[in-house]
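The following report goes through one structure in careful steps, from local backbone features to helix packing, nonpolar cores and charged pairs. Please keep the sequence and the coordinates at hand while reading.

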Amino acid sequence: MSTTQSERLRELLEPLVTSQGLDLEEIELDSVGRKRVLRVVVDSDTGADLDRIADVSRALSAKLDETNAMGEGEYTLEVGTPGAERPLTEHRHYIRATDRLVKFQLAEGGELVARILKVDDEGVDTEVPGVKGRKATARRLAFDDIVRARVQVEFSRKDNKKEEEA
């Protein structure tokens, strides 16, 4: 049996989120004075638009009220998706980050910024962008060699597909 409230909430809410076609990525319960905030982060392979977020939010709210899982006091429920610079902690996160630029903290020390091209059970194939006119290079990273990974925001990425068609 779960020992913390967050674990109990995860056990209660995860089947409901999954039934909505989403993955429950994170649950965070914060208390500031008398105010409590339950933050639920959901995602899927195809993303989660505002309609899906609203649907799951209503379902979670009803379940929490029905089971009294949050107790008698007032609380705020916030349901959203991972941020733009999300950390990659699960295999599915790496798959969803395919074709995205990622900053890797390596077990051997140092960092690497590269684009994920392909993900399999052992690791990721990446493309390290060329610097100062040099061509990009391929590099294979085993999951055991990755300490941390975080998606990077790109504001001015050139779309290679459009360039190839031109």
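## Backbone exceptions in two loops

Asp99 is partly exposed, with a relative accessible area of 37%, where buried stands for under 20% relative accessible area, exposed for over 50%, and partly exposed for what lies in between (1.4 Å probe, protein chains only). Asp99 sits in the loop between H3 and E4, and its phi is positive, at about 80°, although it is not a glycine. The helices (H or I, at least four residues) and strands (E, at least two) named here are DSSP runs, numbered from the N terminus.

A second residue of this kind is Asn68, whose phi is near 60°. Asn68 lies in the loop between H2 and E3, just after H2, and is partly exposed with a relative accessible area of 40%. As background, most residues other than glycine have a negative phi.

## Basis of the values

The model is predicted, and for that reason local features need pLDDT of at least 70 and side-chain atom pairs count only at pLDDT 80 or more, whereas totals for chains, interfaces and linings use all residues. Residues are numbered from 1 along each chain as its sequence is written, and side-chain values use heavy atoms, with hydrogens and water left out.

## Helix H2 and its two faces

The 18 residues of H2 should span 26 Å at 1.5 Å a residue, and the end C-alpha atoms are indeed 26 Å apart, which agrees; the expected span is 1.5 Å times one less than the number of residues. At the N-terminal end of H2, Asp49 acts as a cap, with a side-chain oxygen 3.2 Å from the backbone nitrogen of Asp51.

Which residues of H2 are buried? They are Ile53, Val56, Ala59, Leu60 and Leu64, and because they cover an arc of only 135° around the axis, they are on the same side of H2, the arc being that of the directions from the helix axis to the C-beta atoms. These buried residues pack against helix H1 (5–19), E2 and E3, while the face turned away from the buried side carries the exposed residues Leu50, Asp51, Arg58, Asp65 and Glu66.

## Nonpolar cores

A nonpolar core is taken as a set of buried Ala, Val, Leu, Ile, Met, Phe, Trp, Tyr and Cys residues joined through side-chain atoms within 4.5 Å. The largest such core has 18 residues, of which Leu38, Val40, Val42, Leu60 and Val79 touch the most other members. At least two residues of this core come from each of H1, strand E1 (23–32), E2, H2 and E3, and H2 gives the most, with five residues.

Val79 touches Val40, Val42, Ile53, Val56, Ser57 and Leu60, if residues up to four places away in sequence are not counted; contact here means heavy atoms within 4.5 Å. Apart from the largest core lies another core, of 17 residues, among them Val119, Val124, Phe143 and Val151.

## Salt bridges

The structure holds 17 salt bridges, each defined as a side-chain nitrogen of Lys or Arg within 4 Å of a carboxyl oxygen of Asp or Glu. In one of them, Glu78 pairs with Arg39, the closest N and O atoms being 3.1 Å apart; Glu78 lies in strand E3 (residues 76–80) and Arg39 in strand E2 (residues 35–43), so the pair ties together parts that are 39 residues apart in sequence. Both ends are partly exposed, Glu78 with a relative accessible area of 36% and Arg39 with 30%.

Arg139 forms a salt bridge with Glu108 at 3.5 Å between the closest N and O atoms, and since Arg139 lies in strand E7 (residues 137–142) and Glu108 in the loop between strand E4 (101–106) and strand E5 (111–119), the pair ties together parts that are 31 residues apart in sequence. Arg139 is partly exposed at a relative accessible area of 32%, whereas Glu108 counts as exposed at 66%. Elsewhere, salt bridges that share partners join Asp23, Glu25, Asp43, Asp45, Arg92 and Arg96 into one network.

Technical notes
A polar contact is a pair of N or O atoms within 3.5 Å; within protein, one must be able to donate a hydrogen and the other to accept it, and residues adjacent in sequence count only if both atoms are side-chain atoms.
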